[in-house]
Structure formats: C-alpha cells, structure tokens
Amino acid sequence: MKTKLLFLIICLMPFAIKAQSSSNTCSAADAATHITSGGTYSITSFDGTAPAPGCSPGSIASNGEWFAYTPANDYQVTISSDIAGNDGKDTKLQVYNGTCAALNCFANSDDDGVDVYSRLSVVQFVAQANTTYYIAWDNRYDSSAFDFELTETTLQPISFTEQSRSGGGTLRGAVDMNNDGLDDIVSIVPKNVNDSNVYDINIQEQEPNGSFTGHDYPVSAPYSASWSLAAGDYNGDGYNDLVWGNGSGVNIIKATNSGTDYAIAETQSGIFTQRTNFVDINEDGRLDVFICHDIAPNIYYMNEPSGLEYYQGADPNGVPEGLGIYPSGGNYGSVWVDYDNDGDIDMFMAKCGGGTARRTNQLFRNNGNGSFTEVAAAANLADPIQTWSGAWGDYDNDGDMDVFIGGYNGTSHKMMRNNGDGTFTDITATTNLGFFTYTGIDNVTADFNNDGFIDILSNGNILVNDGNPANMSFTAYTTDVPPQGAIGDLDNDGFLDVASGSKIYYNNGSPNNYFKIKLNGSGLNKAGIGARIEITTSSGTQIRDVRSGEGFRYMNSLTTHFGLGVDTNITSVKVYWPSNTVDIMNNVGVNQTITLSEGSTLSTQTEVFAEDLTLFPNPAKSTLYVRTKYNLSDAIYTVFDISGKRVLNSKFGRENTVNVSSLSTGTYFLRVMQDGLSHTQKFIKE
C-alpha cells in the first residue's frame, strides 16, 4: 500500500511532492536515490527499522523510515513536519551524519513546532556540500502518514557573533587612539554640570588578547556627537585628535600628554554639524578639518603654523571657490577621494533636503593648485536624490573609484561606474541592486568576507560583492547582519567587525586571507590620510584611499584592510603618500599587519629614472617638454614654486608636455610620478 499511496499523492500534487520515497533502513536509504534539493517528501507508513535511542532520549520506537540527503552546495537546511495538513499529528525526527555503520547524532526534534501545543518537528543545521545526512522519522508517538518539507537556504558568505560592549555613551568610532596598532572603540558620553549637559570621551582600548580596557577622559565639550565623528592627528604628535558636533555647534578635541588626556582645541556655535573629516585640503602636509553645514555654506579649519584658522564658504585666504557654498546648506555626507587618479584629493558632497538646487549632489575636483572646481554635472553625478552618503570604492578592481549613491526616504539607490575619464555611468540595472530598496543615511565600503572585492554596509544590510567585474553585481543580505556602525578589526583577527550602539558584532571569518597596513607619515599627517594604497596579487590589483570620515555618522579604522581570497602572496604593495613620496614593498606575506613609515622603502629604480629624464626648453615660455624612455601616459606631474607651494597638478596626455603659460616668471620644480617612480627637476619659466 505504501507505493500506491505515494503514487496517488504525487499524481495529485506533482509540483509539491518530490519522487524520493522512504526506505526501511539507513543502508537501504543510502543505496536508493538521495534527496539532493529542497522539496516536500512523504511518509506513507511506518514498517522500517526504528533509529536507535541516543540521538533522541527516551524509549525506542517500534518502527522508523529513512531518507538519505546529499546537498550539492553548502546550505542552511530546515527539515520540518510543521506544515499544512499535519495538524494534530505527533512526529519525531533524528538527523545523522557519518556512515550507516557508524552513525553520529547530528540533530533531533520532537515537539518543536511553532504553536506551543504543537507535537511536530523542526530542525535547522548547516549542511556541507556533497556530505550525506541520514533523516530518520519514527512512530514512537504516532504512526500516521504525513509530509515534511526540506528547505535549502543559500548560506550568507559572512556571519557575526553579537556581544555587549562597555563604556556607554554615543558610539561613534572604531579607530586606534593610543597608537598601539589595535583599533579601539570611541564613544561620547554626556555629563551633567550645573543642570546642563557637557560631553566627555570614553575609549575602550583593545588589548592584545582581544579584551578591552575602558578609560574616561573629561573634556566638557559643549556639543554632543548626535551626527558624526572623525579622527586624525592634526598636530603630528602621533595620537589621533577628534572632531564631532550636533545641530548647535562643533568641537575639535586634541590629544595631549602622549595620548593620555584630551582637551578642547576649538569650538564653534551656530554650526548645524553633519559629516566631519580630517583632510589636507590644500595639500601643504598639515591635516585640516572639514565640517558639513546643514543650513549654511560649509566651514573648515585650515591648519596653519599659527594654529587652526576658521573659514566659511569661499574665502581668498582659504579655498577661493569654497567647498559647498549653497546659501541654505543641504550639505550632509562629504567623502574625500581621488576619483580621477591624478594624485590629489577631491571631494564628493552628498546632499539632502529642500528644492532641487539644494539637494543636488556635488563633486569638487582638486585643480592641483589650492583651488577646486565643481564638476558633478560633467561627471554625471549631479543627482537631486536626497543622498546623505555615498560609498566610494573600486568595486570592479579596475584601478579607479566607483560610487554607490545611497538613496534616502524611499529614493532609489544608484551604482555609478568610473569610466576612467572623469565621468561615471549608471549601471544599477546590471548590479542586482534594483531589488534592494531599503534606504537610509549610512553607506560605506568594506571587504567583510575577505574575498578581494569590497562590499557595502548599507543601513543595517550588507551588499556582498559577487566578484563579477563585468556587471559589478551584488547580493543583498538583510538579516543576521550588523546594524550600521563603526568598522574596524576589533579582535585583530584580520576580519572586519562592526561596533554599534551597545554591541560589538564580531565577524566570524572565513578561510580567506587578508593584509592590513598602518601608515606612519613623516610630517603632520601621521596616519597618511589621503594616501592611495595599491596591492597586486595573482588575482589582480586592489586600491584603497586612507580616509578620515566616510558614510555619515561613524569613524572607521585608519588601518587599511585588504581581503585576499585564496591568494597566499602579495606581489607588490605601493603607497602613494599625499606628499607624493612613493613606497614600494615586493613579495609581502599574507595574514599580517605591517606598519610602514613614509620613505622607508624608496625604490632604487628612482635613480635610473632621474638619470634618464630631461626637460626642454629650459627656460620655457609656454610649453615644457619631458623626455624619457619611460612611458608617461597617465603619469602624474606636479609643479612647485620656489617656496614649495604646489601651483600645478595634472596628468600627462599622449604627449609628454606641461603647459606652463599660466605661471609667473621665476624658478619652479617639476615632479614626475609613474609606476612607483618619482623624480623632481628644476626649470625656469620665462
């Protein structure tokens, strides 16, 4: 009767019931056709051998039925009799691995249905590809026929373990504050003084064993960190300083006493603070401070020898054109990124709120001489889409920075591919992100699974890069991932974790390899903020820019992280410092963190490059020619005046020429950078 009843069920439900039938023993199930995919399967009667007690405690049943299941891929598997049609029945389930001659109890279920009164069975487990699992049902409580479902869910390529953190306050950073090479957790803590709040710092310092030691630092800053925080060492003492603010003002806090105390450096009221950054705006070797203003033109502090100088909007002594001068602001998410690969730092401004002009995103191209030009329309990035933040990174590993423009309040996202010529193309349709509709204010890049392709943490979701450069596709994982937070390696295992609220979300890792590099600059930019780092392995080339402040709220690690997949050696590591020094390391091992001091690995090939390169005519009137055996196509050149101020910065075109017609008469220096080589040579402008 078993065969006839099963045939009848299959005929009535051809798309719901799979053809595999139960067997009377484990060996018979192993010899029969295995289940290889999800579906609904049937127990028509119990006349086989019951599974032995032990996997499920209690007396042995009189009979059982067996199936063998061998998945083709790794899956999260659910086996359940808690489905329609089984109401009132009482099932009992055991799952084994191993062999029929030596079964290992793997999972079991008795009364685990959703309803509290249910007597049905549900188990979940991670099944490995090409491994056989033996599914045994018995009749200890009920011999009725029933169906069960086996569901296969593709495993997320990443997973996290959640733990509580100490310190309290508003968590805003995961960054090394005591200069020991380990990422710490930074929070801003309110303190009531005379019936009003001021704000101190709590730093949970990571110890070598992965634990944290908390320190409270009183500063009594007047403004909270309700929006964002950034870190950077603006005074060059080796310890990171901080900038944060709220809707009423901004604080700049400096580290003192070798990083064991903090004090207010600057505060400014009336600033509706949004994204904050440390960045060398005029590339004079000193970190400046940039603050997005929500209701007025942006403000910035230029780091002068005399101290921090405050500017707002356009100012002939600061940035002549300004960096976001719309009268009512709308400035939310600034990211400093070298989008055109010319060796200087540009800025993308994510906008939000108000009319079209106020909320249209902006892109400020660094002209190489202390000025900026707004080029968003020409670059195809002038979107009035209420962005809040854009996630910049080289998603296709082709050597230039692309951008995921995050939508807000239901506005669609956009993925823009860098064309390599200063323009971008909307490729959202091919990226599989059209189906990802969750919007919010924080979008930032990180390689969470260490496969060598950067992912996106987007408002409590992780968009995992599929590693397909042709269409830059992603898979959105929207459950069992961290909420938005500060990203760093919080247990120093080479995998990026997320600190958010009162929790730390530890990355459970994968077999993939990694490489981390911490920069030690020679001047007043110790962390090398603005540097471009490029690594090459047998799989290709990856790039990163060292940034202070990206996304919207949080400060992420200044130790640069690369996932390497299965690559076991790094052919080369190249660091292009903001000073235009280039350091190169060859044949670097994986799964380690390296601290690199600026200028410590200068290539001896530079001497050959210098001997070969000549300039003519010299003196020059309008055009300076560069002669060398090296191919200078797309090489970067920089012209400095006699005081060391940069007056020109660009790339060579098809001809190795520099237009010097705009320069005043005098002595200048031309620096040429190509493929890690650098040479500076004097010339005279007539």
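**Exercise 1. Describe the chain as a whole: how many helices and strands are in the chain, and what share of its residues counts as buried?**

Step 1. Begin with the secondary structure of this predicted model, in which the chain holds 5 helices and 50 strands.

Step 2. Turn next to the dimensions, where the C-alpha trace spans about 105 × 70 × 50 Å along its principal axes.

Step 3. Consider burial and surface together: 55% of the 686 residues count as buried, while the chain exposes about 26,700 Å², of which carbon and sulfur atoms supply 48%.

Step 4. Finally, look at the contacts with a separation of 6 or more, and note that residues 24 or more positions apart account for 56% of them.

**Exercise 2. Work out the surroundings of phenylalanine 404: in which strand does it lie, and is it buried or exposed?**

Step 1. Locate the residue in strand 27, which runs over residues 402–405.

Step 2. Compare its relative accessible area with the cut-off: buried means under 20%, and because phenylalanine 404 has a value of 0%, it is buried.

Step 3. List its neighbours, leaving aside residues up to four places away in sequence; phenylalanine 404 touches, among them, Tyr395, Met415, Leu433, Ile456, Ser458 and Leu463.

Step 4. Take one of these contacts and follow it along the chain: serine 458 is 54 residues apart from phenylalanine 404, yet their C-alpha atoms are separated by 9.9 Å.

**Exercise 3. Classify two aromatic pairs: what is the arrangement of tyrosine 217 and tyrosine 262, and what is that of tryptophan 392 and phenylalanine 424?**

Step 1. Note that the count comes to 31 aromatic pairs, and recall that planes over 60 degrees apart count as edge-to-face.

Step 2. Apply this to tyrosine 217 and tyrosine 262, whose rings lie 5.1 Å apart centre to centre with 70° between the planes, which makes the pair edge-to-face.

Step 3. Place both partners in the chain, where tyrosine 217 belongs to strand 13 (residues 212–221) and tyrosine 262 to strand 17 (residues 261–269), so that the pair links distant parts that are 45 residues apart.

Step 4. Check their burial: tyrosine 217 has a relative accessible area of 9% and is buried, and tyrosine 262, with 4%, is buried too.

Step 5. Repeat the reasoning for tryptophan 392 and phenylalanine 424, whose ring centres are 5.6 Å apart and whose planes stand at 90°, so this pair is edge-to-face. Because tryptophan 392 lies in strand 26 and phenylalanine 424 in strand 29 (residues 424–426), the pair ties together parts that are 32 residues apart in sequence, and both residues are buried.

**Exercise 4. Examine the enclosed spaces: how many cavities of 30 Å³ or more are there, and which residues lie closest to the centre of the largest cavity?**

Step 1. Start from the count, which comes to 6 cavities of 30 Å³ or more, and from the largest cavity, with a volume of about 350 Å³.

Step 2. Inspect its lining of 23 residues, of which Thr445, Arg544, Glu550, Ser557 and His561 are the closest to the centre. Strand 39 gives the largest share of that lining, with 3 residues.

Step 3. Sort this lining by class, which yields 9 nonpolar, 8 polar and 6 charged residues.

Step 4. Continue with the second largest cavity, which holds about 70 Å³ of space and whose lining includes Gly181, Asp183, Lys516, Ser557 and His561; by class, this lining divides into 2 nonpolar, 5 polar and 3 charged residues.

Terms used. Residues are numbered from 1 along each chain as its sequence is written. This is a predicted model: local features need pLDDT of at least 70, side-chain atom pairs count only at pLDDT 80 or more; totals for chains, interfaces and linings use all residues. Side-chain values use heavy atoms; hydrogens and water are left out. On a 1 Å grid over the protein atoms alone, a cavity is a set of points where a 1.4 Å probe fits but cannot get out, and a pocket is an open set with protein on both sides within 12 Å along at least five of seven lines; lining residues have an atom within 4 Å of a point. Grid points are joined across faces, edges and corners, and a volume is the space filled by probe spheres set on the points. Helices (H or I, at least four residues) and strands (E, at least two) are DSSP runs, numbered from the N terminus. Ala, Val, Leu, Ile, Met, Phe, Trp, Tyr, Cys and Pro count as nonpolar, Asp, Glu, Lys and Arg as charged, and the others, Gly among them, as polar. Buried means under 20% relative accessible area, exposed over 50%, partly exposed in between (1.4 Å probe, protein chains only). Contact means heavy atoms within 4.5 Å. Accessible areas come from the Shrake-Rupley method with a 1.4 Å probe; for residues, only the protein chains shown count as cover. Rings of Phe, Tyr and Trp (its six-membered ring) pair if their centres lie within 6.5 Å; planes under 30 degrees apart count as stacked, over 60 as edge-to-face and the rest as tilted.
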